[in-house]
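This report describes the fold of one chain and the packing of two of its elements. The sequence and structure follow.

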Amino acid sequence: MNDFLKMMVEFFGYSLVAIGAQNAIFTRALGLSSGMRMLNDPKKNTFYFCGALTVFQVMTSVIVYYVMPLVTAMGFGAYRRFVLPTIIVMACTVSYVVVITLLSRIVSKEKFKDLLKSVTSASITGAIVGTVLLTNYQGMNLVQSIGFGLGSSVGYLFAMLLITEGDRKIAHDKVPESLRGLPITLVYISVLALAVYGLTGHAIAL
Amino acid sequence: MKNKDYSYLYANWDDTVRRRKITLSNPVFVKGLALAPVVVAGTTVQNGILLCIAVFFLLTPTRIITSLITRHMSVPFKTFFYPFVSALVFAFVYYYMYRYLGTRVLLLGVYLPILVIDPLIVKNFEKTRKESVLYSVINGLRNTMGFVVACLLVCAVREFLAFGTIAGIKVIGVALLPMAQYSFGGFLIVALLSGIWSTAIRNYKYKVKVEAMHSERLS
């Protein structure tokens, strides 16, 4: 019982850290470029994108957690750091194939077509790769990796919702012409990032 | 520049913007690509140089290899093939950077490996247009130069404001804006530089338009 409680505390503790103090966008800027592209693409839905990202994040974390010891066992331990991005990309590919196969069987053809673009874009982003890299560099165990990955995706969703809503509400005609578009969005993200920093008082180590 | 050149530029403005990756369609300031490494890791000129070296050896080779192989691939395959090629190229780049530049490469943490899936490197997998090898080389080098200019500019400004130094050389004895070393400071500085950049582009476009109209009137 004590072990279970300890595991739950670890899981939720790492999730909370990833949502707040180590927020994927406001603190680490992970997946920001993909997020900005999604913001400008009316064909992509924020909820579909972030929902798919959460699934891929957890699946990739688990796959990489089990594959990396095999890499070491095969004698490539000294090159772990250099091959890790390739392993993560391969894990993302496997996750994508599994999710797409399942989706094609569960949802209708029209819905599948609707989901495909958001799901494909979410399958391999900086948020996923960056988070898995972090969990590996920091030597997290499986529970911590899944907790951190899940928290990171939820934090990404919160951040994207705030950015999407903020971008929609900014009265662009009142913004100086020089700052319209990308600059004003970055100023807005900067203010939110400062607020997160003020709340947590936590600066990240690269 | 002659007036007829301005007329040509104005008549082919979209094409001019597409070709001038360093200025008119800068990958960082105009398109918002590679923001994570620049905003978080780009705090000093030394970090900036390391990022630029990685992008230089990663971007163009990835484009050349993918342009040769992905001609007949559909979008979902490209989505993973591009990052896979870039991750393979990156493994060698990272290894040799570590070998020749030492542990300072590791100081950038996840922000060097994360380049393998950055839209700057793998951005065109959703495009259906096929690239020739020559076009990939030219476009890759233009994008690299655009990134180098933006990254070094942001890094120099942040280092000066946060530490009062540029490339480790002391300029003033006081840190004018210590928050420039944090990510929120990075967002703000990239935003302001992007604003200045877009103003310069707007002014240039206006000048091209005026000169082109003047030339038309003369002829």
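## Packing of α7(A) and α8(A)

In this predicted model, α7(A) and α8(A) lie oblique to each other. This follows because their axes cross at roughly 130°, and an angle that is neither under 35 degrees, nor over 145, nor from 65 to 115 counts as oblique. Helix α7 of chain A covers residues 142-169 and helix α8 of chain A residues 182-200, and their axes come within 10 Å. The crossing of α7(A) and α8(A) is right-handed.

On the side of α7(A), the contact is formed by A:Leu162, A:Ile163, A:Gly166 and A:Asp167. The residues that α8(A) contributes are A:Thr185, A:Tyr188, A:Ile189 and A:Leu192.

## Architecture of chain A

Chain A contains eight helices and zero strands. From the N terminus on, its elements are ordered α-α-α-α-α-α-α-α. The radius of gyration of chain A is 18 Å, close to the 17 Å that the globule rule gives for 206 residues, so chain A is as compact as a globular protein of that length. The C-alpha trace of chain A spans about 60 × 50 × 40 Å along its principal axes.

Of the 206 residues of chain A, 46% count as buried. Among the contacts in chain A with a separation of 6 or more, 80% join residues 24 or more positions apart.

## Confidence of the prediction

For the complex, the predictor gives an ipTM of 0.90 and a pTM of 0.91. Chain B has a mean pLDDT of 89, and 94% of its residues reach 70 or more.

Note on methods
Residues numbered from 1 in each chain as written. Chains lettered and ligands numbered in written order. Predicted model: local features only at pLDDT ≥ 70, side-chain atom pairs only at ≥ 80, totals over all residues. pLDDT = per-residue confidence, 0-100. Helix = DSSP H or I, 4+ residues; strand = E, 2+ residues; numbered from the N terminus. Rg over C-alpha atoms; globule rule 2.2 N^0.38 Å. Buried ≥ 20, exposed ≤ 12 C-beta atoms within 10 Å, placed from the backbone. Contact = placed C-beta atoms within 7 Å. Axes fitted to C-alpha atoms, helices over the stretch in contact; angles between N-to-C directions. Left-handed = near helix turned anticlockwise from the far one by under 90°.
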